[in-house]
Amino acid sequence: MTTFTEIYQQLDWHQLIIQINSKSAKDIEKAICSDRPSLQDFMALISPDAYPYLEVITQKAQKLTRQRFGNTVGLYVPLYLSNLCANDCVYCGFSMNNQIKRKVLNEKEIIAECEAIRSIGYNNILLVTGEHPGKVGMKYFRQYIPLIKKYFSSLLMEIQPLAITEYKELKKIGLDGVLVYQETYHQPTYQQQHLRGKKQDFFWRLETPDRLGQAGIDKIGLGALIGLSNN
Ligand code: SF4
């Protein structure tokens with residue numbers, strides 16, 4: 001099996017930038033017409049010269065989305081279990097060095113939140129925490145996931161990256177999917193944005209989808225929230 005890290009380490013960031021910037025109108029038109037777009041086609045679609053084609057690209061994306069998913073919109077509600085965090089990310093209000101009131105929901109508070117969310121008709125829940133394995137870690141998840149799952153048919157989590165065995169254990173007690181945001185895939189930018197804590201480990205985070213796949217987690221959501229690069 002090839003891991004995200006192995007693929008990442010084969011890539012030359014500066015070469016990729018040169019390749020993307022050299023895509024022509026012909027490359028972009030070929031990419032738009034392709035039924036099975038390649039990596040080269042993807043580079044053409046995100047190249048600077050693709051800007052005038054934005055409307056055509058949007059229409060094609062919409063058509064493919066409708067083919068794949070139909071006319072559906074999935075809604076879920078985030079339930080914040082805790083704002084404790086042992087990381088220092090420069091863009092986040094939960095960062096460990098921010099002097100804010102910290103809170104971890106207890107059983108009674110979790111039940112009240114779940115009942116309120118169900119009463120307005122939501123059946124999909126996203127559990128969100130800061131990243132504090134000491135106080136909001138496996139012990140906490142073991143205790144409360146079965147309780148929360150009783151209220152919802154789908155349970156996603158956005159928490160600190162875990163080990164394969166931990167994901168497997170959570171799957172058994174109700175976990176359906178995990179969202180993990182890499183924030184950026186540009187390592188120098190990543191290091192500038194993450195100053196303290198486990199989140200500084202770029203590759204531990206990058207390999208989270210590998211571990212999720214190996215644990216058999218059905219839904220895996222990824223994101224580059226700061227963008228691919230600030231260079
Ligand atoms: S790990 Fe997440 S919650 Fe914690 S400071 Fe960083 S972005 Fe915020």
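Begin with the whole protein chain, coloured by secondary structure: 11 helices and 7 strands are present. The model is predicted. Along the principal axes, the C-alpha atoms fill a box of roughly 60 × 40 × 35 Å. Of the 231 residues in the chain, 39% are buried. Among contacts with a sequence separation of 6 or more, 68% join residues 24 or more positions apart.

**The two domains**

Next, colour residues 4–69 and 77–223 separately; the domain assignment gives these ranges as domain 1 and domain 2, respectively. The centres of the two domains, taken over C-alpha atoms, are separated by 31 Å.

Select the residues at the boundary: 5 residues of domain 1 are in contact with 10 residues of domain 2. Together the domains bury about 700 Å² between them, and carbon and sulfur atoms account for 68% of that area. Show F4, T5 and Y8 as sticks, since these residues supply 79% of the area that domain 1 buries against domain 2, more than any other three residues.

What does the interface hold in the way of polar interactions? The rule finds 4 residue pairs in polar contact across the interface of domain 1 and domain 2, but 0 salt bridges. Now select helix α1 (residues 4–10), which gives the most to the side of domain 1 that touches domain 2, with 4 residues. By class, that side of domain 1 has 3 nonpolar and 2 polar residues, and no charged residues.

**S47, within domain 1**

Move to the loop between α4 (39–45) and α5 (54–69), where S47 is placed. Is S47 buried or exposed? With a relative accessible area of 5%, S47 falls under the 20% limit and is therefore buried. Display the side chain of S47, which reaches the backbone oxygen of A44 at 2.7 Å. Then add I20, K23 and I28, which S47 touches when residues up to four places away in sequence are not counted.

**E183, within domain 2**

Select the loop between β5 (177–181) and α9 (187–193), and centre the view on E183. The backbone deserves inspection here: phi of E183 is near 75°, a positive value in a residue other than glycine. For context, most residues other than glycine have a negative phi. E183 is also buried, with a relative accessible area of 6%.

**Salt bridges**

The structure holds 8 salt bridges, and three of them complete the tour.

- Select K103 and E109, whose side chains meet in a salt bridge at 2.7 Å, N to O. K103 counts as partly exposed, at 38% relative accessibility, and E109 is partly exposed as well, with a relative accessible area of 25%.
- Turn to R142 and E169, whose side chains meet in a salt bridge at 2.4 Å, N to O. This pair links distant parts of the chain, with R142 in helix α7 (residues 138–149) and E169 in helix α8 (residues 164–172), 27 residues apart. R142 is partly exposed at 41% relative accessibility, and E169 is partly exposed at 29%.
- Finally, select D176 and K149, which form a salt bridge with the closest N and O atoms 2.5 Å apart. D176 lies in the loop between α8 and β5 and K149 in helix α7, so the pair ties together parts that are 27 residues apart in sequence. K149 counts as partly exposed, at 22% relative accessibility.

Technical notes
Residues are numbered from 1 along each chain as its sequence is written. This is a predicted model: local features need pLDDT of at least 70, side-chain atom pairs count only at pLDDT 80 or more; totals for chains, interfaces and linings use all residues. Side-chain values use heavy atoms; hydrogens and water are left out. Domain bounds come from an automatic or database domain assignment. Contact means heavy atoms within 4.5 Å. Buried area is the accessible area (1.4 Å probe) that two parts lose on being put together, summed over both. A salt bridge is a side-chain nitrogen of Lys or Arg within 4 Å of a carboxyl oxygen of Asp or Glu. A polar contact is a pair of N or O atoms within 3.5 Å; within protein, one must be able to donate a hydrogen and the other to accept it, and residues adjacent in sequence count only if both atoms are side-chain atoms. Helices (H or I, at least four residues) and strands (E, at least two) are DSSP runs, numbered from the N terminus. Ala, Val, Leu, Ile, Met, Phe, Trp, Tyr, Cys and Pro count as nonpolar, Asp, Glu, Lys and Arg as charged, and the others, Gly among them, as polar. Buried means under 20% relative accessible area, exposed over 50%, partly exposed in between (1.4 Å probe, protein chains only).
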